[in-house]
Amino acid sequence: MEKKKKVLAFIGSYADSANPGLYACRFDTDTGSLEIVDQASGLQNPTFLDVDQDRLKLYAITEGTDAKGQRCGAAAAYDIDPSTGTLSLLNKELTVPSPTCHITLDHTRQCIMVSSYHGGMIGLSPVMEDGRVGPTADIHQHKGASILPVQDRPRAHSVFVDRSNRFAVASDLGLDRLMIYKLDVPARRLIPHGEVRIAPGSGPRHFAFHPQLPYGYVINELNATITGFSYDQEQGALHEIQTVSTLPDAYEGDNACADIHISPDGKFLYGSNRGHDSIAVYAIDPFTGKLALVEHASTLGGHPRNFALSPDGRFLLAANRDSNNIVTFTRDAETGKLLPAGPVLEVSKPVCIKFAAWD
């Protein structure tokens with residue numbers, strides 16, 4: 001009999017530093033349920049996370065104060081005990097001179113990249129040999145604006161790295177642009193490489209590279225769409241192929257898109273709607289990269305800011321910030337459809353869910 005992997009899920013949330021905001025959970029791979037096994041306080045709004053499961057480290061954004069007493073971005077590193085899920089703080093380091101909204105590791109786990117929505121900038125910091133976050137090595141301030149009032153300035157929302165670890169795409173909601181950077185890990189630098197403009201008023205938020213095929217997709221917060229691209233990995237170039245709505249045709253309420261993920265088998269794409277409070281499910285055509293709507297599945301809660309697919313792809317967990325819960329859904333591998341699995345974890349203002357699995 002094949003030995004089951006041990007899976008932990010980590011949750012980032014909105015929280016004051018005096019209260020728990022970071023959670024480690026045991027994940028039941030049979031039922032999709034979560035059990036909190038540890039929690040950490042001391043961080044202001046540790047909303048977004050990333051995990052280095054090989055070195056047993058967790059990284060979270062938080063807020064700090066610079067020498068002038070101004071709010072700025074910071075990142076915290078934790079050791080993970082895989083047997084218990086216990087988190088132990090390694091260090092906290094300032095990142096960019098404005099609060100941040102996203103963090104990601106490069107695929108070699110030697111750098112972290114953060115994004116600042118309020119500051120319109122991205123930054124890169126090295127990860128030290130012991131897993132601590134090092135001093136910021138590179139910052140890029142975006143410039144410009146677009147057509148909507150919220151787009152009167154740059155608003156960098158996220159950075160995602162391609163499979164080759166050579167290029168990174170920063171989604172800037174304020175500019176309606178995807179900024180492409182060449183990632184130089186040894187030099188700890190992000191080198192401007194190009195940009196892609198999308199429809200004015202779109203508001204690009206999060207990006208997903210296809211796990212096997214030459215495609216990429218951005219979910220657009222402001223006009224409730226997903227734009228697909230063909231991706232030239234050698235040149236680091238994106239070419240638009242399609243834009244689809246994330247909403248049912250009859251829906252007329254407010255909505256803001258949030259997160260986007262592709263199933264591990266590469267067959268289906270999922271995007272979250274806040275307002276309609278649903279996950280939009282699409283089949284991916286492997287020959288063209290185009291999306292075909294499968295369904296809209298209610299998240300059974302309010303404001304699904306982020307969500308995650310379990311490592312084996314059997315479950316989708318939706319973090320409903322405004323209803324203070326994480327709802328587990330089973331995922332049909334053949335159709336991509338979602339059904340409530342039963343488990344619901346009550347937790348304050350959840351935002352981000354990241355998994356780690358060990359033998």
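Is Gln233 buried, partly exposed or exposed? Point 1 gives the answer. The model is predicted, and the points below go through its loops, sheets and pockets.

1. **Gln233 and its surroundings.** Gln233 is partly exposed, because its relative accessible area is 27% and the partly exposed class lies between 20% and 50%. Look for Gln233 in the loop that links strand S18 (225-232) to strand S19 (237-245). Leaving aside residues up to four places away in sequence, Gln233 touches Asp162, Arg163, Ser164, Arg166 and Phe167. Take Phe167 as an example. In sequence, Phe167 and Gln233 are 66 residues apart. In space, their C-alpha atoms are 8.2 Å apart.

2. **Arg188, a loop residue with positive phi.** Arg188 is not a glycine, yet its phi is positive, near 55°. Arg188 sits in the loop between strand S14 (177-184) and strand S15 (189-197). Its relative accessibility is 22%, so Arg188 counts as partly exposed.

3. **Lys349, another case to check.** Lys349 also is a residue other than glycine with a positive phi, here about 45°. Its loop runs between strand S27 (338-346) and S28. Lys349 counts as partly exposed because its relative accessibility is 41%.

4. **The sheet S4-S5-S6-S7.** This is an open sheet of four strands, in that order, with antiparallel pairing. S4 and S7 are the edge strands, and each pairs on one side only. On average, neighbouring strands here are turned by 30° against each other, direction ignored.

5. **Pairings inside that sheet.** Nine bridges link S5 and S6 in the antiparallel sense. One pair to find is Lys57 with its bridge partner in S6, Asp79. Strand S6 (residues 71-80) also pairs with strand S7 (residues 87-94), again antiparallel, over seven bridges. There, Ala74 stands opposite Leu94 of S7. When viewing these strands, keep a general rule in mind. Side chains in a regular strand alternate between the two faces of the sheet.

6. **The S6-S7 hairpin.** S6 and S7 form a hairpin, with six residues between them. The turn holds Gly85, whose phi is positive at about 80°.

7. **The sheet S8-S9-S10-S11.** Four strands make up this open sheet too, in the order S8-S9-S10-S11 and with antiparallel pairing. Why is one side of S8 and of S11 left without a neighbour in the sheet? S8 and strand S11 (138-141) stand at the edges and each has a single partner strand, so one side of each has no neighbour there. Neighbouring strands of this sheet are turned by 15° on average, direction ignored. Strand S10 (residues 121-126) joins S11 through four bridges, and the two run antiparallel. In this pairing, Met121 stands opposite Gln141 of S11.

8. **The largest pocket.** The largest pocket holds about 1,300 Å³ of space. It is lined by 37 residues, and the closest to its centre are Asp50, His107, Arg109, His261 and Lys354. Several strands each supply at least two lining residues: S4 (49-52), S8 (102-105), S12 (156-161), S16 (204-209), S20 (256-262), S24 (304-309) and S28 (350-358). S28 gives the largest share, six residues. By class, the lining has 22 nonpolar, nine polar and six charged residues.

9. **The second largest pocket.** Its volume is about 330 Å³. Of the 21 residues in its lining, Tyr14, Thr100, Cys101, His118 and Arg305 are the closest to the centre. Strand S5 (57-65), S16 and S24 each supply at least two residues of this lining. The largest share, three residues, comes from S5. The lining divides into seven nonpolar, eight polar and six charged residues.

10. **Reading the points together.** Some strands come up under more than one heading. S4 is an edge strand of its sheet and supplies at least two residues of the lining of the largest pocket. S8 stands at the edge of the other sheet described here and also supplies at least two residues of that lining. S5 pairs with S6 and gives the largest share of the lining of the second largest pocket. S16 and S24 each supply at least two residues to the lining of the largest pocket, and each does so for the second largest pocket.

Conventions:
Residues are numbered from 1 along each chain as its sequence is written. This is a predicted model: local features need pLDDT of at least 70, side-chain atom pairs count only at pLDDT 80 or more; totals for chains, interfaces and linings use all residues. Side-chain values use heavy atoms; hydrogens and water are left out. On a 1 Å grid over the protein atoms alone, a cavity is a set of points where a 1.4 Å probe fits but cannot get out, and a pocket is an open set with protein on both sides within 12 Å along at least five of seven lines; lining residues have an atom within 4 Å of a point. Grid points are joined across faces, edges and corners, and a volume is the space filled by probe spheres set on the points. Ala, Val, Leu, Ile, Met, Phe, Trp, Tyr, Cys and Pro count as nonpolar, Asp, Glu, Lys and Arg as charged, and the others, Gly among them, as polar. Buried means under 20% relative accessible area, exposed over 50%, partly exposed in between (1.4 Å probe, protein chains only). Contact means heavy atoms within 4.5 Å. Two strands pair if DSSP finds at least two bridges between them. Axes are lines fitted to C-alpha atoms, for helices over the stretch in contact, and angles run from 0 to 180 degrees between N-to-C directions.
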